[in-house]
Amino acid sequence: MSKWFLEIGDETVGPLTSSEVSNLKDSAGITAETLVWQEGDQDKKVALAKSELAPVLEQKSGVMCEFCHDIYSFDEIIQIQDQNCCYKCKDEVLVRLQENTLDNPNIYRYGGFWVRFGASILDGLILLPLLYGVGFLVGYIVSPEPLSTEYWVMTISLQIFQFAISFLYTVLLLWKKQATVGMMATGLIVVDARNDYGPVSFGKASARWASAIISGLILYIGYWIMLFDQEKRTLHDHIAGTRIIYKKK
Ligand SMILES: [Zn+2]
């Protein structure tokens, strides 16, 4: 029976039988990408997920798709050009192979119209009672003569208050959590496409918030255009360089 070596961090572990690897797997920081090789075959290191030891890993956690980086069980993974590919990424990977555009191997699932619509309804349910509640209360207490100076001061102040709350709610959450409450509930996050799909900065979150106002002012055309965009970009996503994607499991 062949013996195996594993490269875990800086250490080489082995020789081990496959059942010894199996015993080790929960404690030793072994992942789908841990390099393994058979005794005497040191120049043929492969990722654990691609080796004959793969079933050991399946008992542990499954296999990582190399395109979307989610974990799948073995029967959901196929090999495309020697890479583990899940059933969800398969079609797109095959298309990209044909187009010769597989050099950026990352595949992201973009949040489409309905899920984002749902997320904004949830955010609205949180914000609107607060905004209208305060507006109603202030109106009741001040009760100005319609169109008097007092009336306009109140109306404009309330408008500024609404913008401030909307700004704080959206920008702080996107900056700190990459998602509003509605996005969290629907599994979406906002990423910075100009920075490796990483988190958005405060400035970027602010730019996105501000340009979303423009998207809304032009009869929401800034929103509708996402229906015709492969990456589901709104106008404010274009301006801020952001995307909305599904968060990895
Ligand atoms: Zn995948």
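This passage walks through the fold of a predicted model, from the whole chain down to single residues.

Taken as a whole, the protein chain carries 9 helices and 10 strands. Its C-alpha atoms fill a box of roughly 90 × 40 × 30 Å along the principal axes. The radius of gyration comes out at 26 Å, whereas a compact globule of 249 residues would be near 18 Å. Of those 249 residues, 24% count as buried. As for contacts between residues at least 6 apart in sequence, 48% of them join residues at least 24 apart. The domain assignment splits the chain into domain 1 (1-61), domain 2 (65-107) and domain 3 (113-246). Between domain 1 and domain 3, the C-alpha centres are 48 Å apart. A single pair of residues gives another feel for the spread: Gly9 and Thr155 are separated by 146 residues in sequence and by 62 Å in space, C-alpha to C-alpha. Thr155 belongs to helix H5 (residues 149-177), and it counts as partly exposed because it has 15 C-beta neighbours inside 10 Å.

Back at the start of the chain, there is an open sheet of 4 strands in the order E2-E1-E3-E4, with antiparallel pairing. Strand E2 (11-16) and strand E4 (46-47) stand at the edges with a single partner strand each, so each has one side left without a neighbour in the sheet. Strand E1 (residues 4-8) pairs with E2 in the antiparallel sense over 4 bridges. Within that pairing, Leu6 has Val13 of E2 as its bridge partner, and Glu7 has Thr12 of E2. The two strands make a hairpin with 2 residues between them, and Gly9 in the turn shows a positive phi of about 60°. On the other flank, E1 also pairs in the antiparallel sense with strand E3 (residues 35-38), again over 4 bridges. Here Phe5 stands opposite Trp37 in E3. Strand E2 has a backbone quirk of its own: Pro15 is found in this strand, and the peptide bond leading into Pro15 from Gly14 is cis, with omega near 0°.

Next comes the packing. The largest nonpolar core has 21 residues, and Leu48, Cys65, Cys85, Cys86 and Cys89 are those with the most contacts inside it. E1, strand E5 (63-64), strand E8 (83-86) and H3 each supply at least two residues of this core. The core also draws on two domains, with at least three residues from each of domain 1 (1-61) and domain 2 (65-107). What does Cys85 touch, once its neighbours within four places in sequence are left aside? Its contacts are Cys65, Glu66, Phe67, Ile77, Ile78, Ile80, Lys90 and Val93. Apart from the 21-residue core lies another core, of 12 residues, including Leu188, Val191, Val200 and Ile244.

Helix H3 (residues 87-99) is one of the elements feeding the largest core. How far apart should its ends be, at 1.5 Å a residue? Its 13 residues should span 18 Å, and the end C-alpha atoms lie 19 Å apart, which agrees. Right after H3 comes Asn100, whose phi is positive, near 60°.

Two further residues with unusual backbone settings sit in loops between helices. Ser143 is not a glycine, yet its phi is positive, at about 25°. It is placed in the loop between helix H4 (113-142) and H5. Is Ser143 buried or exposed? With 10 other C-beta atoms within 10 Å, Ser143 is exposed. Tyr220 is not a glycine either, and its phi is positive at about 65°. Tyr220 lies in the loop between helix H7 (202-217) and helix H8 (221-224). Tyr220 has 12 other C-beta atoms within 10 Å, so this residue counts as exposed.

Methods. Residues are numbered from 1 along each chain as its sequence is written. This is a predicted model: local features need pLDDT of at least 70, side-chain atom pairs count only at pLDDT 80 or more; totals for chains, interfaces and linings use all residues. Two strands pair if DSSP finds at least two bridges between them. The expected span of a helix is 1.5 Å times one less than its number of residues. A nonpolar core is a set of buried Ala, Val, Leu, Ile, Met, Phe, Trp, Tyr and Cys residues joined through C-beta atoms within 7 Å. A residue is buried if 20 or more other C-beta atoms lie within 10 Å of its own, exposed if 12 or fewer, and partly exposed in between; C-beta atoms are placed from the backbone. Domain bounds come from an automatic or database domain assignment. Two residues are in contact if their C-beta atoms, placed from the backbone, lie within 7 Å. The radius of gyration is taken over C-alpha atoms; the globule rule is 2.2 Å times the number of residues to the power 0.38.
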